[in-house]
Amino acid sequence: MPNWKKSSDKPLRVGVLLFDGFSNHCVANAIEPLRAANMLGHKQHYEWQYLTMNGDIAESSSGLKIVPHGRLEDAKGDLLMITPSYGYKGFGGPGVQRGLRAAARRFSDMAGLDTGSWLMAKAGLLAERRATIHWEVLTAFSEAFPDVNVVRERFVVDGNRITCSGAMAAFDLILHLITQNHGNALALDVEQLFMAREPQTQHPTSAVRGRLAKGAVTHMQAHLEKPLTVGQIAVLCGCSQKRLQQVMQRDLGATPQQVYLRLRLNLVRRLAEETNLQLSEVALRAGYRNPSAMTRAFKAEFGVTPSGARHRAT
């Protein structure tokens, strides 16, 4: 059963291996959710460093230059993300292959983003594994590496080898990893920050798996100011309340009440931290007639009062 909340004692260390021609979009979609997880959790869940093979500056496909923190050979950690994007075939020489094979002994997991899968396969790190790559080169990838079980999916996790099809899928992958490492609640928070800024959003979160659970979350997000009962949510989803309870527990590791509460309190947090609204008005916006009840629920969920969260954000 999925975990609604998980905690870790120390941050996960992530290395981002850049090559000239890397995609800004892909790297941002991988790193920004990690930054958001730290910010929303008020804890250093993740640490990351930018790396290149030789420690030189890497220039993206659009001309953005990044000064790395160091060389790949000096780095170790929990996850190495390989991000060549354009010009990937030119980076598959013996030196890079040796470097990646050595890195596989220093990093617990390795992830090929966009066309990073090609370099991993070239180094023999995907043999007999399921893997994907940017779909424009999927056929060529399959033909070049017959020992890899190539599949057309947004991302693939096969043990300690991870592959991802492109920039948009990178965001989904990182949400998946946040879910695995820290639970569905934090992943849902991150998803809301990037994809559901407005309370009346009609877009279900990709941090939620399963059609019924997604539909329930969508209805919850659309009714934050005037909350519905779980029974009413079930009717809107076309199922029984018992069925909704079972599915939410199975897919998210939480009851519908817990999920709904988290969504409402996330709205409280955003309004407290980002606006000057009186807390009595914030309470009404989040469906609380009694500000004291909102404060008690907020502190129980986040360990701080709404006014404390506002002060901390300034």
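Is Gln 97 buried or exposed? Select Gln 97 and find out: it counts as buried, because its relative accessibility is 16%. (Buried means under 20% relative accessible area, exposed means over 50%, and partly exposed is in between, with a 1.4 Å probe and protein chains only.) Gln 97 sits in helix α2, residues 94–103. Helices here are DSSP runs of H or I with at least four residues, strands are runs of E with at least two, and both are numbered from the N terminus. Show the neighbours of Gln 97 and you get contacts with Gly 92, Lys 122 and Ala 123, leaving out residues up to four places away in sequence. Contact means heavy atoms within 4.5 Å.

Before moving on, some housekeeping. You are looking at a predicted model, where local features need pLDDT of at least 70 and side-chain atom pairs count only at pLDDT 80 or more, while totals for chains, interfaces and linings use all residues. Residues are numbered from 1 along each chain as its sequence is written, and side-chain values use heavy atoms, with hydrogens and water left out.

**Stop 1: the sheet**

Switch to cartoon and pick out the open sheet of seven strands, in the order β5-β2-β1-β6-β7-β11-β10, with mixed pairing. Its edge strands are β5 and β10 (155–158), each pairing on one side only. Two strands pair if DSSP finds at least two bridges between them. As a reminder, strands of a sheet pair through backbone hydrogen bonds, either parallel or antiparallel.

Now select β1, residues 12–18, which pairs in the parallel sense with β2, residues 46–52, over six bridges. Two pairs of residues are handy for checking the register: Leu 12 has Tyr 46 as its bridge partner in β2, and Leu 17 stands opposite Leu 51. β1 also pairs with β6 (residues 77–83), again in the parallel sense, over five bridges. There, look for Val 14 opposite Leu 79. Colour β1 by accessibility and you'll see a mostly covered strand, with five of its seven residues buried.

Follow the chain from β1 through helix α1 (residues 24–41) to β2, and you have traced a right-handed β-α-β unit. To check the hand, point the strands away from you: in a right-handed crossover, the path from the first strand over the helix to the second runs clockwise.

Next, visit the two edges. At one of them, β5 (residues 70–71) runs parallel to β2 and is joined to it by two bridges. Leu 51 stands opposite Gly 70 here. At the other edge, four bridges join β10 to β11 (residues 161–164), and this pair runs antiparallel. Select Asp 158 and Arg 161 to see one opposite the other.

**Stop 2: Pro 11 and Ser 60**

Pro 11 lies in the segment before β1. Pro 11 counts as partly exposed because its relative accessibility is 24%. Beyond residues up to four places away in sequence, Pro 11 touches Gln 44, His 45, Tyr 46, Glu 47 and Asp 78.

Then jump to Ser 60, in the loop between β3 (58–59) and β4 (65–66). What does Ser 60 touch, not counting residues up to four places away in sequence? The list is Gly 21, Phe 22 and Asn 24. At 5% relative accessibility, Ser 60 counts as buried.

**Stop 3: two positive phi angles**

Most residues other than glycine have a negative phi. His 42 goes the other way, with a positive phi of about 50 degrees. You'll find His 42 in the loop between α1 and β2, partly exposed with a relative accessible area of 40%. Glu 128 has a positive phi too, near 65 degrees. Look for Glu 128 in the loop between α3 (116–122) and β8 (130–131), where it counts as exposed at 68% relative accessibility.

**Last stop: the α6 contribution**

Finish on the lining of the largest pocket, to which α6 gives the most, with three residues. By class, this lining has four nonpolar, six polar and eight charged residues. (Ala, Val, Leu, Ile, Met, Phe, Trp, Tyr, Cys and Pro count as nonpolar, Asp, Glu, Lys and Arg as charged, and the others, Gly among them, as polar. A pocket is an open set of points on a 1 Å grid over the protein atoms alone, where a 1.4 Å probe fits, with protein on both sides within 12 Å along at least five of seven lines; lining residues have an atom within 4 Å of a point.)
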